[in-house]
Amino acid sequence: MDIIITHEQADFDAAGSVLAAWLLDPSRMPILPKKRNRNLASFIDDYKSRLPFFTWKTLPKGTIRRILITDTQNIALHERMEGVKDIIVWDHHPHRHIFPDREENIYENTGACTTFLVERLMDHPEIHPGRIFATLMLMGIYEDTGSLTYGTTTARDIRAAAWLVEQGGDLDLMRRYVLQPMTDHQQQGCELLLQTLESYEVNGKQISIAMADIREISDEFSAVAHHLRDMLNPDGLILLLGVKTGVRMICRSTTDEIDFGAMMRVMNGGGHTRAASGLIPVEYMETGNAADILSDAREKVLRALPEYIKPPAPNLADKMKKGMSPEQLKLIRLIDETAEQLDTPVYIVGGVVRDLLLDHPVMDFDIVTEGDAIRLGKELSARYGGRLVLHPQFFTAKWEIPNGTSLDLISARSESYEYPAALPTVAMSGMKDDLMRRDFTINTLAVRLDGEHYGKLLDLCGGLTDLEAHLIHTLHKQSFIDDPTRMFRAVRFEQRFDFELEADTLRQLREQLEGVQLLTGQRIWHELRLYCAEPYPENNFARIVQLGIAAQVHSALCWTDEMEADQVRFRDAKRAAYWNDVISADLDTTDREGPLWIWLSSFPLKTVIELGERLLMPKKTQRIIEGLSQLRTDFPLISRKSPSQITFFLEKLPAESLYCYSLFCPESEKALIKNYILKWRHIHPTFTGEDLIEMGIEPGPQMRTLLTGLRAACLDLDLNPEEETEWLEMSIEKGL
Ligand code: ATP
């Protein structure tokens, strides 16, 4: 027999998830514990005959082979479960690693556990839950998400609730059970609690603690906690209730910055960040003085609390003053004022905040608004002039400011990937989604700019902790699959800041290396080019080889000491002025891409051609790298030959290849290239083709041989015009 079970003191989400699991596979027996919360108990009493649930007592005899646990990872063992190994867990609480990992286990981050089971029901058009079942599951979602109002509510909960209403979920019926008034006992407890209510400030948060001895009141108090939280609206509320076994704690918070779930997990309980409960066991509860016991519990809770409350967000106003130019600060002030008047939160996000915290100079920043960037742009340009370029499909605008600079204004957005390595699909969203779409925690930091919030750091993904720990850390284990360019980015930040890849991130990278093969050549080329702007590009090349990223681009890519030495010489070389006339327009590109050209040209020509195809390099770049590769293989030999042979060889290659090569090749070869640039390439005979026609030579192979030979003689023997004539006459005589 297979069974479905859930936690003690079952609520609607527990029952809703058991019911949904049963609908998905009716061969499993759905069991509810005897202890249920009041709301669920009265619903089940009213609809018992129409519900499929068993209790341990009514469960038919038979051996239990497989167990499915929903909505908890903390289950009291029933004697009939002893020895059963085949256990699957479906839960929406953080994974606690209590049960062995199995493929069938599901831990999803939805407001209610029922939600992700309902999502699976939605894939089965043949299943019609009908009014009572749909209402029970709906109550599961409503109760756990505070009627879809808690911060933990996700769009998925709302979609699942909408589907249940379509399936007959009855809101009138639901209201009768979910929003019940408090019982007399609960009201009595509430009064007692209010009498002892005290408020404390812990890490900048207001925490209200109330205590009551309820040993004589047998009712559940989560409804009371809700009621008090709504009435008092503190950042955190803790009820300390003297019960027969000790002090029961019921905790509610109105902010994710207080993690009651984590606190209760170390206090014999558990739950979510914002709603959790636990127990301080007290053996002498029967005989002890309740007031003293409760006061001791309060001391204990107050001592533990700071660890679970994030300290107040640092303010970066001072760092901004130091790290930004007066022009940047002036611009930020304009945005701050405009956004405040529009009542729109605005932020600087990502690299700029990371750099401010690291005391690195800030080069550039964009503005992200938790609203409509286009509206913000229109207001800014109406007030301060300039031109606005709109990109409504991306919810962004570029404000071209009268001072000649420009600023990107971006609406906070979520991104999703249709398939691995695809470009993301964008939708307007809140700041949390905007931060969650980013690559690494250190790039998710944001600073708010509008009004009284000016300078406040927003750190929703633990970016500050990782920045302080010098870690490059992905936001989720799918990150490199979604976008394998992040592997190249991870290396860039790791090398630039001398940070480390966090252990899980490194593991994910190693496991997901093959994703690089799905990237287009342009995207890889873009990432490789960015390495060239780093202070030590070679460290990045060496690291992508070491991590196995480079081999996914081309199996021949490797890194050697000689390659390193080339890069160091290139970086230290002085750019001689005589190059300016030759490649002045392209010198920039050479300096920007040189390290990459040098590395890629170290490979045999065949590999270089394959790399050009894989990376979809611009044709000109490909020719330059091929030229460099030829210089590396052939020039050491050719350099020992005559000026004409050297000139004819060098002439065939792009000037950028010569320039780049001259920056890291041996001095002797460099001197020859200099000679070629300054002198040899300008040496041509005074005789032209026309002169030869006058001398009776027909255009064709003979003329070409004569002219080439004459140029070689000019280069090698430094002929004057008379000697050129002699050379020609002699050659024609010899039948050349
Ligand atoms: P740099 O100092 O090299 O410019 P940056 O962090 O400013 O680094 P950008 O490439 O300018 O990097 O990107 C700006 C921000 O956009 C990043 O800080 C990051 O939050 C986000 N971002 C950029 N590329 C990705 C990506 N591939 N995946 C997820 N987020 C990204």
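**Notebook: sheet, cores and domains**

I looked up I367 and found that it stands opposite L409 in β16. The model is predicted, so that local features need pLDDT of at least 70 and side-chain atom pairs count only at pLDDT 80 or more, while totals for chains, interfaces and linings use all residues. Residues are numbered from 1 along each chain as its sequence is written, and side-chain values use heavy atoms, with hydrogens and water left out.

*Entry 1, the sheet.* I noted that β13 (residues 367-369) pairs with β16 (residues 406-411) in the parallel sense over 3 bridges; two strands pair if DSSP finds at least two bridges between them, and strands are DSSP runs of E with at least two residues, helices runs of H or I with at least four, numbered from the N terminus. Strand β15 (residues 396-400) joins β16 in the antiparallel sense over 5 bridges, and I found S406 of β16 to be the bridge partner of E400. Their hairpin has 5 residues between the strands, and G404 there takes a positive phi near 95°. I then read the order of the open sheet of 7 strands, which is β14-β15-β16-β13-β12-β19-β20 with mixed pairing. Strands β14 (387-391) and β20 (457-458) stand at the edges with a single partner strand each, so one side of each is left without a neighbour in the sheet. I also looked up β12 (residues 346-349), which pairs with β19 (residues 446-448) in the antiparallel sense over 3 bridges; V447 of β19 is the bridge partner of I348.

*Entry 2, the cores.* I met I348 again in the largest nonpolar core, of 101 residues, where I348 and W599 have the most contacts inside it. Such a core is a set of buried Ala, Val, Leu, Ile, Met, Phe, Trp, Tyr and Cys residues joined through side-chain atoms within 4.5 Å, buried being under 20% relative accessible area with a 1.4 Å probe, protein chains only. Beyond its neighbours within four places in sequence, W599 is in contact (heavy atoms within 4.5 Å) with residues including F541, I544 and L557. I found F541 and I544 among the buried residues of helix α21 (residues 537-547). Just after α21, G548 takes a positive phi of about 90°.

*Entry 3, domains 1 and 2.* I took the bounds, domain 1 (2-178) and domain 2 (184-308) among them, from the domain assignment, which is automatic or from a database. Their C-alpha centres lie 27 Å apart. Between them they bury about 890 Å², 50% of it on carbon and sulfur atoms; this is the accessible area (1.4 Å probe) that two parts lose on being put together, summed over both.

Methods. Buried < 20%, exposed > 50% of the residue type's maximum accessible area, 1.4 Å probe, protein only.
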